[in-house]
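Hi,

Here's the structure I promised to pass along. Have a look at it first, then read on for what turned up.

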Amino acid sequence: MITRKNRDQIALMRRAGKVVAEMHEKCSEMAKPGATTLDIDRVAREVIERRGARSNFLGYRGFPAVVCTSPNDVIVHGIPSDTVVLEEGDILSIDCGAIIEGWHADAAVTVPIGLIDAESQRLIDVTRESLWAAIDQVVAGNRLGDIGAAVEGRAEAAGFTVVREYVGHGIGTAMHEEPQVPNYGPAGRGFKLREGIVLAIEPMVNAGGPETEVLDDGWTVVTRDGRRSAHFEHTIAVTEAGPEVLTLP
Ligand code: MG
Ligand code: MG
């Protein structure tokens with residue numbers, strides 16, 4: 001079932017979104033050469049606790065952390081670890097969420113670790129742009145396929161590929177609600193957006209092929225060809241005035 005949220009509910013999701021934005025701010029500051037991915041989880045936990053929020057990642061199907069940390073060829077769902085030390089030139093996807101009074105928000109960014117090569121920077125830029133192209137489509141009367149086509153169009157025009165096995169999602173009183181939000185088209189097809197629909201849109205864009213593989217830990221999703229992958233996500237409401245991004249600072 002696809003639910004529509006009223007103004008009060010969206011206001012609570014906006015509050016959860018502010019917590020997520022602050023988690024990202026602190027995590028991005030921590031994401032430097034020499035830091036471990038567990039250091040990033042620790043600063044995210046501090047924000048959650050200070051803001052009186054709860055984590056929707058911790059314990060999700062047994063997930064052991066409040067953030068997913070996914071370096072380089074890891075697409076999503078990397079587990080923070082004190083043995084994963086970030087190095088100059090890496091890229092790192094940081095994905096996290098928060099719950100306020102039962103309402104969820106979810107967002108992800110990919111950040112450079114120190115100085116990175118030009119191709120990795122282009123991958124990050126194109127993935128971020130593909131998310132914002134998709135956000136422009138989050139308007140009542142548009143369809144889910146318009147969102148996916150916007151991501152796919154931007155990524156493929158740049159010579160990159162989009163991951164198909166993992167998708168965005170509706171969000172509200174659960175982190176993952178219907179509908180699924182694929183990062184591919186066709187435009188003009190699929191569920192029609194209406195006011196009050198809230199979606200987490202999350203392009204995962206690969207430098208090489210789109211194929212994925214899950215490591216033996218049951219979580220970590222990597223590119224099959226070992227090339228790098230970037231990931232951005234926001235939680236966005238369809239409003240009378242157009243798209244409202246709930247996970248901005
Ligand atoms: Mg998500
Ligand atoms: Mg997420």
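Let's start with a cation over a ring: the charged end of arginine 164 sits over the ring of tyrosine 184, at 3.8 Å from the ring centre. Keep in mind as you read that this is a predicted model.

Now the metals. The magnesium ion (ligand 1) is held by Asp106 (OD), His169 (NE2), Glu202 (OE) and Glu233 (OE), with distances of 2.1 to 2.3 Å. Along the chain, the spacing of those donors reads D-x62-H-x32-E-x30-E. Aspartate 106 belongs to strand 4 (residues 103-112), while glutamate 233 is in the loop between strand 12 (229-231) and strand 13 (234-239), so this pair ties together parts 127 residues apart in sequence. Both aspartate 106 and glutamate 233 are buried.

For the magnesium ion (ligand 2), the protein donors are Asp95 (OD), Asp95 (OD), Asp106 (OD) and Glu233 (OE), and they lie 2.0 to 2.7 Å from the ion. Here the spacing is D-x10-D-x126-E. Aspartate 95 sits in strand 3 (residues 91-100) and aspartate 106 in strand 4, 11 residues apart. If you're setting up charges, you may want the burial numbers too: aspartate 95 is buried at a relative accessible area of 6%, and aspartate 106 is buried at 2%.

And how far apart are the magnesium ion (ligand 1) and the magnesium ion (ligand 2)? They are 3.1 Å apart, with aspartate 106 bridging them.

On to the aromatics. Searching the whole structure gives one aromatic pair. The ring centres of phenylalanine 63 and tryptophan 219 are 4.9 Å apart and the planes meet at 80°; since planes over 60 degrees apart count as edge-to-face, that is what this pair is. Phenylalanine 63 comes from the loop between helix 2 and strand 1 (67-71), and tryptophan 219 from the loop between strand 10 (212-214) and strand 11 (221-223), 156 residues apart. Phenylalanine 63 is buried, with a relative accessible area of 3%.

Last one: alanine 31, in the loop between helix 1 (7-30) and helix 2 (37-50). Is alanine 31 buried or exposed? Buried, with a relative accessible area of 3%. Leaving out neighbours within four places in sequence, alanine 31 is in contact with Ile40, Leu86, Leu92, Ile94, Val111, Pro112 and Ile113. The C-alpha atoms of alanine 31 and histidine 234 are separated by 20 Å, and the two residues are 203 apart along the chain.

Cheers

How values were computed: Residues numbered from 1 in each chain as written. Chains lettered and ligands numbered in written order. Predicted model: local features only at pLDDT ≥ 70, side-chain atom pairs only at ≥ 80, totals over all residues. Heavy atoms only, no water. Donors = N, O, S within 2.8 Å, 3.2 Å for Na, K, Ca; no water. Helix = DSSP H or I, 4+ residues; strand = E, 2+ residues; numbered from the N terminus. Buried < 20%, exposed > 50% of the residue type's maximum accessible area, 1.4 Å probe, protein only. Contact = heavy atoms within 4.5 Å. Phe/Tyr/Trp six-rings, centres within 6.5 Å; stacked < 30°, edge-to-face > 60°. Lys NZ or Arg CZ within 6 Å of the ring centre and 35° of its normal.
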